[in-house]
Amino acid sequence: MENLISISTLNDFIFCPYSIYLHNVYMETDEGLYHATPQTKGKLAHEPVDTKTSSNRKDEILALPVMSEQLGIMGKIDVYRKSEKKLIERKYQLKQIYQGQVYQLWAQYFCMVEMGYEIEKIAFYEISTNKTIPIAIPTDADKMELMSFINSFREYDPSTPMKANPNKCRHCIYCNLCDKTEEDNVY
Ligand code: SF4
């Protein structure tokens, strides 16, 4: 089987494909070297789920590893509520929902369906406001869109010439390590 793509990197690829290349280069180093404040907060928001301490509800499955052979992806879900057949992705803050975040939720959904789970609802949960934001169950056309996106991820060549976007670079965790920009990180 070809290498599985991590679901958690789908949103980063939309933000900047080159960041995925840098992530792979620096993934072995100390995370403290490049993790900026928002990423650290996001990570901490996921920690109770990752360590399975955020819920005592018997009908919730937390931090379940998932994969799809058909899509060539793998990752981990946050919460699956069995009684509601509901998949939930927790985020610390969601001022705006980006397409990459929707792709991540779709990806988790398709993995779980392929693994035999029944899902009738999917949603984001914003921790900072205690708000649930329902998302439509992906259609066949949505699945095709996701597959085409995953394909472009798989075929990405980091040596392709690119023009860095300074607004993105300033908010990128790799800003101070990236050879494509002279910007400084705002954090
Ligand atoms: S610093 Fe800019 S060009 Fe480099 S990975 Fe980040 S967003 Fe992309």
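Biologist: Which element gives the most to the shell around the ligand?

Modeller: α2 does, with three residues. The model is a predicted one, in which local features need pLDDT of at least 70 and side-chain atom pairs count only at pLDDT 80 or more, while totals for chains, interfaces and linings use all residues. Residues are numbered from 1 along each chain as its sequence is written.

Biologist: What makes α2 a helix?

Modeller: Helices are DSSP runs of H or I with at least four residues, strands are runs of E with at least two, and both are numbered from the N terminus. α2 covers 17-26 and α6 covers 166-169, and each supplies at least two residues of the shell. The protein comes to six helices and eight strands.

Biologist: Which residues come nearest to the ligand, and what makes a residue near?

Modeller: C16, S19, C169, C172 and C178 come nearest, out of 13 residues around the ligand. A residue is near if its C-beta atom, placed from the backbone, lies within 6 Å of the molecule or strand.

Biologist: How do the residues of the shell divide?

Modeller: Into nine nonpolar, two polar and two charged. Ala, Val, Leu, Ile, Met, Phe, Trp, Tyr, Cys and Pro count as nonpolar, Asp, Glu, Lys and Arg as charged, and the others, Gly among them, as polar.

Biologist: Why does R81 count as buried, exposed or partly exposed?

Modeller: A residue is buried if 20 or more other C-beta atoms, placed from the backbone, lie within 10 Å of its own, exposed if 12 or fewer do, and partly exposed in between. R81 has 16 such neighbours, so R81 counts as partly exposed. R81 lies in strand β5. Of the 187 residues of the protein, 23% count as buried.

Biologist: Which residues does R81 touch, not counting those up to four places away in sequence?

Modeller: D59, E60, K86 and I88. Contact means that the C-beta atoms of two residues, placed from the backbone, lie within 7 Å.

Biologist: What makes a set of residues a nonpolar core?

Modeller: The members are buried Ala, Val, Leu, Ile, Met, Phe, Trp, Tyr and Cys residues joined through C-beta atoms within 7 Å. The largest such core has 24 residues, of which L87, W106, A107, Y109 and M112 touch the most other members. Its largest share, nine residues, comes from α4. A second, separate core of eight residues includes Y18, C169, I173 and C175.

Biologist: How do you know that β7 and β8 pair?

Modeller: Two strands pair if DSSP finds at least two bridges between them. β7 (residues 121-126) and β8 have five bridges in the antiparallel sense, so they meet the rule. The bridge partner of E126 is K131 in β8.

Biologist: Why are β2 and β8 said to stand at the edges?

Modeller: The sheet is open, with five strands in the order β2-β5-β6-β7-β8 and mixed pairing. β2 (60-62) and β8 (131-135) each have a single partner strand, so one side of each is left without a neighbour in the sheet.

Biologist: Which strands does helix α4 touch, and what is its angle with β6?

Modeller: α4 (residues 99-114) packs on the sheet, touching β5, β6, β7 and β8, and its direction makes about 145° with that of β6. Axes are lines fitted to C-alpha atoms, for helices over the stretch in contact, and angles run from 0 to 180 degrees between N-to-C directions.
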